[in-house]
2 protein chains.
Amino acid sequence: MDGPMAHNGSPEKCTLTFEPDRVTIRVDRGANLLEAALEAGVHINATCGGQGVCGKCRVMIEAGEVDSEKTEKISEEEYEKGWRQACKTSLLSDCTVRIPAESRGLRPVMDHKLDMGKAERKIEALKTKPLAEGWPLDPLAVKLPVQLDPPSLRDNLSDLTRLSKGLRQHHHVEEISVGLRCLKIMPQVLRSAHWVVTVTLTGTSDPETVSPIEHRQRPLQLVRVEAGDTSAQNLAVALDIGTTTVCVELVDLKTGRVVAETAEYNRQAEYGADVITRIVYAQKPEGRAKLQSLVVSTINLLIDQLMEESGGTKKSISCIVAAGNTTMTHLLLGLETRYIREAPYVPVANFMPLVWASRVGIDVPDCVQLFSFPAVASYVGGDIVSGILGSGVFQKEALTLYMDIGTNGEIVLGNRDWLACAACSMGPAFEGGGIKHGMRAELGAIEGFNINPVTLEPMVITVGRKKPRGICGSGLISLLAELLTAGIIDQNGKFVHDRLSDRIRPGRFGHEYVVGWGEDSGTGSDIVITEVDIENLVRAKGALFAGCLTLLESFELSFGDLDRVIIAGAFGRYINLEKGKRIGLFPDMPVEKFHFLGNGSLLGSRLVCLSKGMLREVERIAKMMTNVELSDNHAFMDKYMGALFLPHTESRLFPHVGKYLEANWALVRRAREGSKDAL
Amino acid sequence: MDGPMAHNGSPEKCTLTFEPDRVTIRVDRGANLLEAALEAGVHINATCGGQGVCGKCRVMIEAGEVDSEKTEKISEEEYEKGWRQACKTSLLSDCTVRIPAESRGLRPVMDHKLDMGKAERKIEALKTKPLAEGWPLDPLAVKLPVQLDPPSLRDNLSDLTRLSKGLRQHHHVEEISVGLRCLKIMPQVLRSAHWVVTVTLTGTSDPETVSPIEHRQRPLQLVRVEAGDTSAQNLAVALDIGTTTVCVELVDLKTGRVVAETAEYNRQAEYGADVITRIVYAQKPEGRAKLQSLVVSTINLLIDQLMEESGGTKKSISCIVAAGNTTMTHLLLGLETRYIREAPYVPVANFMPLVWASRVGIDVPDCVQLFSFPAVASYVGGDIVSGILGSGVFQKEALTLYMDIGTNGEIVLGNRDWLACAACSMGPAFEGGGIKHGMRAELGAIEGFNINPVTLEPMVITVGRKKPRGICGSGLISLLAELLTAGIIDQNGKFVHDRLSDRIRPGRFGHEYVVGWGEDSGTGSDIVITEVDIENLVRAKGALFAGCLTLLESFELSFGDLDRVIIAGAFGRYINLEKGKRIGLFPDMPVEKFHFLGNGSLLGSRLVCLSKGMLREVERIAKMMTNVELSDNHAFMDKYMGALFLPHTESRLFPHVGKYLEANWALVRRAREGSKDAL
C-alpha cells in the first residue's frame, strides 16, 4: 500500500553549479547552499557549523535566484555584488555559484571510473527503497467507539457481554478477551458515559505470560475502556534500545504517521560502555535492578519528551514496541544476563513474553502492553530482527548484506529464503561513545566535514546549523576519511608529525586535530579528535569489516556476489558512503548497491506498531536466522587484525579506494609544494 | 473410564431385622446399629447423638453376631442376656434385634403404595449415579520432569529453548508459553539443579487477561520450574464458595484422589446472611475490599487446614478452581456487585479471567492460577454451572430437575440438549444460618432425627456420633418433618399448644422444642428449635418449591414429566428424602427418581481440576443455559405464597405425602389416647 511510510512526493529540483571547478549537482529547491556543497563534495571553509557567525563561507552568486539573509559579515557593497554567506543561503532556481580562492579546497578528484564523484550523499532514512512492503495499516492496538443499548429487565446481559455484543454489531469483532483490571472499572465507565465508550483492543493477548508471537491467532484483547469517543487519540511508542543510545518515535496509529521522535543516551552507560561491562555490573548486588531502572528511566524521559513535542497525553498511548540487543532486552525485563557473557553464551530466552509496560516501571497507563522483539542469540538481538523486518530483506530475492552499526556491530547475510547473522563487538565509537568530543546526532553535532588539505581549514556542517558542540557518527566517518585523504594521519591511523598547521598539536591522548576552535564552538572550548579516538574508530570499523568478510566466506561468498548492502544505524541525515569506504568501514562496491536505512531497529518497531500481521514475519525471521559465532572464530581474528588499517592491509579488497587515495595524495603533495595545477 | 471418582467396590451386605415390628433392612457389614435403625425408619430413643453416654438406646441382640463395646450403662448380667447399646454396636452378620417398649416409637407406617417405607436413605454423595462421565484424567496442571543436556558452544540455545526442546523430546509437548516470573528464576534453577528440573504446565494460559475458557486450544503455559523431580507432588484446590459456607477439597492431580477436605463458614457472613446484604455492605467505603479480604482469609484458613490434614505443602499446589454464585465470584475477584442487586440485575461479567491466585490475596505460590466458573446471570452463578458439569446433566438425555440447596436456591431444568435455570432466594436456613442452633454438618451436628410421638423423646444421631452441639441441614429437614408428623406443629409450622411434654416450652422466639437437654449436649446448654426457626425453614422450602414449579410450568412441564431429580447441597452423610417430601421441600415423586449429589458445585470444581477438557463443557453449559427471572415473576409469587404450608396448600401436589401424614396423625391420636394397636 502507498502507506504512511512511502515517499511524500518529490520537491522541485534545481541545478547548482560550483565554479571554478564546474561541479554540478541537482538539489531540492530551497536547499541550503553550504549543505549542497557538502553533498557535491565541494569544499567551502566553514568553521561555525553553518550558524553564520564565522563568516568564512562567503560565495558569489553568479547566476540564478537565491534567498539569503543579509548578515553583518557581508557589507552593503559586497551584497550588491552578489556576495552571500553560503550557510545562510537557499536556492530558489538553477544557480551558478563561485567559491573564492581563500575558501576553496583542492579541485575534487572527479574520476567517474573511481566512482568517487558524489562524495557525500544525503539520504534520508525513510526515503530509501529497502523497506518492508505489502503491509496493511492494521495497528497492534485499535480504538473502537461503541454506543450500547442500556440494560433493561428484558435485556440484562452482563456488562462485558453487552460490550462484546456491541463490538460484534458495530465493528464485526467476533471474540474478545479481557482482564480483571478492565472489568474492575467497566461498570462505572459504562454508566458514567451513558453507554457510549471507546475500547482499546490489542492484537496480541497475553501480557505477563506468553511468547506473544505464538499467539497471533488469538482473540483480540480488550485492554481499556474509556468514556465517550476517544478513538482519534491512539498512539504507540516505538523504541530502539541501544547500548549507547535509546531512540524513540511516537506513532499515531490512526494515521500511521510519526508525530514525534527523539533520542537520549542510555542512562545505563554510566555503568559501562558496552554490554559486557553492563553484564559485569548486573552481577553485583542490586546491579541488575539498578540497570533495569536506568533504562526504564531513560525511556520515561523519552516518553515525556515525546509528549511535550507532540502535545499528546500519555493516556492516549496504547502500546509500546521495543527492539534492542539481547542484553538490553534482558535488562529491560529484569532477566539474568550473566550467562550471555559467560561461555557458551546462553540467553534466558530469545522470545520474550508480552508484559504490561507499567509492571517493568514504564510510566504509562496500566493498559499499555510492551512487546519486545525476539532475539536470535546472545549477540544477535531483537534489534537485528527488527531491522531485517523493517528493511524488507526477508521479502526479497536480492542477496543482501545488512550492517547495523551500533555499539555492537551486527551483520546479516541472506534474502527471503535464508538468513545468517553474526555479531562483532565494535564498541560505541561510531555513536560518539569513547570519543573525546563524540556526541549523538543532535543540535550542534558535526555531521558533515571537509578539509582543505593545504590550509587544513575545515568545512563544518552541524545538525541544525548551530555552532559545533561535538562530532556525531557521520561526522566521525567524514573526519577520519578527510584526515586520511589529506595525509594528516597515515594508514595506521597515526598523526603524521609534520606541523602543517596549528590545528595539529600534541594532547593528553597523543596528537590531535582541532576540528573547531573554542571561539567557533558552541561549548567555548576547542573541539578535537585525538589519536586515541582514531584508534577506537579503527578498531570499530575493523571489527565490522572483518565480521562481514568472515560471514561471507563462511558461505563461500564474496562482496562481489552481493546484490545490495543495507547500512543501518542511528546516524544523522548524512551518511558518508564514499568516506566510509575510504576508511574501510564499508566494502569497496559500486555506490548503487548501497542503501542507507537509518535506524532499522526503530523502523521495525514502528512497523509492528502499525501492522500487527508483521508479528508473524518477526517470528519467522527470528526462527530462520542462523547465528555464526565470531567470538571463538580464528578466521575472524585474523581478518580483524588485517582490518586495523586504513582502508585495509589487503589492497585487493579496496581497489577503487586505493587508486583514489593515491591520486589525492599526489594532488595534495603537489599542492603543498605550491603547484598551481593542484588548486 | 473407571476413574478415581467411580465406586470403590461394594462391601459385604447383612440383613438386619428389627423386632417387634419386623422391619428389615440390608446394610453394610460393620454398619452401626443406631444408624441402621435411622436408615430403616425405626425409632430408638437416643439423646446423646450416639456417643454412648445417655444409655437410652439399649437393644437386645436376639440372633446374629455383633461387635459391641461393653459400657457401664449395661450391667454384666444384662450383657450376658444380650443387651447392647445400639450406638456402640456394629453388625458382623445377619442379625435380629429387639427394641424394648420404653425405647420404641410407633409402629412405622409401611404402606409401600405410599412409598414411605425406607424413610431415611443414606446416600454418600460420591457413590451415586449422576456424575459426569467419559472424562480422562488430564489435569488442569501437569508436572513433568525433564533432564536436559547442559549447553555448550556447539549447542548454546537459550535456556527457554533448551527447556522447550526437552519437553518436546521427553513429553511430546509441542508448544509452550511462559511468563516473565518464570523466566526470572529459570537460569538459576536450571543450573543449580544441574539441568534436571520439573516444570508445571497449565492447560489454560492467560492469567490476568482473558476469559480462559475461550482459550482452551492454546499452548500449555509453563508456570513453574523446580529443581529435581517433584512431579509426584502435584496438588489442586477445588473450592465451592457459598454465601454461608466455603467448602474445599485438596485433590492429588497425579492420582486423581481427594486427599483432604474441609469447610468453614464464609467470614463475610458477619456482614450479612445473604448476597443482598453483602452487596449493600460492598457499596460502603472500602466495603468491597473488606468482603474480598474476608472470603480470601476464609480460603487461606481452609488451605492451611488442608495442608495440616494432608501433610502436604503449599508449594505443591498447582492450581485452584473455584465455583461460587455470581456475587461470591465478583467479590472474590474484587468486582463491582452493585448492579447485581439493582434492577435490571446486571453482573460485570459472566465469564471471568483466569487470575494468579496470589494477586487476589490467596496465600499460595505465585505460579498458582485461579480459575473461576462462569455464571449465567446475576442469580444463577458458577456454582450451578459447576453442579451441572459434575452431575453430568449436560451429557444425558434424561429430563432432569437439578436443585441446589444453599443460601440461594438454584434450580436447573433440562438435559443434554437444553438447559433452563432459575434462582430463588431461600436464605441460609438449610445451611443452619438464621437458625438458633443451626450449624454446619461437622462433629456434633444433629444429622439424623426421629421423635416418639407419644413421649416426644427423640432419637438423635450426630456427625461423628458426638454429643449434639447443634443441628445441620439434614437434621433440620428431619426435625421439621418429625415435628409435623408427630403433630407437635401444625401445617402452618406453628406449635400446637398442647403441653404434651416439657420438651415443648415458650421461649424468646415463640414456642420451642427441646431437641437435646443441656445434660446430653456438647455445649452444656439446651438445644432447641424455635417457631421463628421453623418460619425460616418454611419460607426457604417454599421459595425453592415455588421456583421449581414456576420453572417447569414456564416450559409447560410438570413434575410427572421428569425422569429424575438431582439434589445438590452441602449436606452431611444423610439426606432425608422422605422427610424432605413430607415438609414440601422436595416434590412428591417416586424415590427412585431422586439422586443426591452432595456438594455438586465442589464436585464440578474437582472435575475441572482433574480434566481440563471439561473446560469446553463448562463453556457450553454456561452459554446454553437460559435464565428464567423469578424476581419480578407474578406466577412465582403466587406459588411461593401457596408453598408456605406443610407440605403445600395444594394437596394434589403431594398426594402420597398427604395420605401418609393422615395415616400417621390417626395413629398418633390413637396412641396418645392409649390405644394398644398403635404401639
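## Close-up views of a predicted model

**View 1. Helices H10 (473-485) and H12 (577-582) of chain B are part of what covers the buried residues of H16(B).** The model shown here is predicted. Which residues of H16(B) are buried? They are Val657(B), Tyr660(B), Leu661(B), Asn664(B), Trp665(B), Leu667(B), Val668(B) and Ala671(B). Seen down the axis of H16(B), these buried residues fall within an arc of 165°, so they line one face of the helix. A simple rule helps here: an α-helix has 3.6 residues a turn, so residues three or four places apart point the same way. Now look at the other side of H16(B), where Lys659(B) and Glu662(B) are exposed.

**View 2. Helix H16 of chain B covers residues 655-672.** How far apart should the ends of this helix be, at 1.5 Å a residue? The 18 residues should span 26 Å, and the end C-alpha atoms are 26 Å apart, which agrees. After H16(B) comes Gly674(B), and its phi is positive, near 90°.

**View 3. Four strands of chain A make an open sheet.** Try tracing them in the order S9-S11-S12-S10, and note that the pairing is mixed. Which strands are at the edges? Strand S9 (141-147) and strand S10 (176-178) of chain A take these places, each pairing on one side only. On average, neighbouring strands of this sheet are turned by 40° against each other, direction ignored. Take a moment with S9(A) and strand S11 (residues 196-202) of chain A: they run antiparallel and are joined by seven bridges. For one such link, find Leu144(A), whose bridge partner in S11(A) is Val199(A).

**View 4. Helices H3 and H4 of chain A meet the strands of the sheet.** Helix H3 (residues 159-171) of chain A lies across S9, S10, S11 and strand S12 (220-227) of chain A, and runs at about 100° to S9(A). Helix H4 (residues 180-192) of chain A packs on the sheet too, where it touches S10, S11 and S12 of chain A. What angle does the direction of H4(A) make with that of S12(A)? The angle is about 35°.

**View 5. Strands S25 and S26 of chain A form a hairpin.** How many residues lie between the two strands? There are two residues between S25(A) and S26(A). Strand S25 (residues 504-507) and strand S26 (residues 510-516) of chain A run antiparallel, and four bridges join them. To find one pairing, start at Ile504(A): its bridge partner in S26(A) is Tyr513(A). As a reminder, strands of a sheet pair through backbone hydrogen bonds, either parallel or antiparallel.

Methods: Residues are numbered from 1 along each chain as its sequence is written. Chains are lettered from A and ligands numbered from 1 in the order in which they are written. This is a predicted model: local features need pLDDT of at least 70, side-chain atom pairs count only at pLDDT 80 or more; totals for chains, interfaces and linings use all residues. Side-chain values use heavy atoms; hydrogens and water are left out. The expected span of a helix is 1.5 Å times one less than its number of residues. Buried means under 20% relative accessible area, exposed over 50%, partly exposed in between (1.4 Å probe, protein chains only). The arc is that of the directions from the helix axis to the C-beta atoms. Contact means heavy atoms within 4.5 Å. Two strands pair if DSSP finds at least two bridges between them. Axes are lines fitted to C-alpha atoms, for helices over the stretch in contact, and angles run from 0 to 180 degrees between N-to-C directions.
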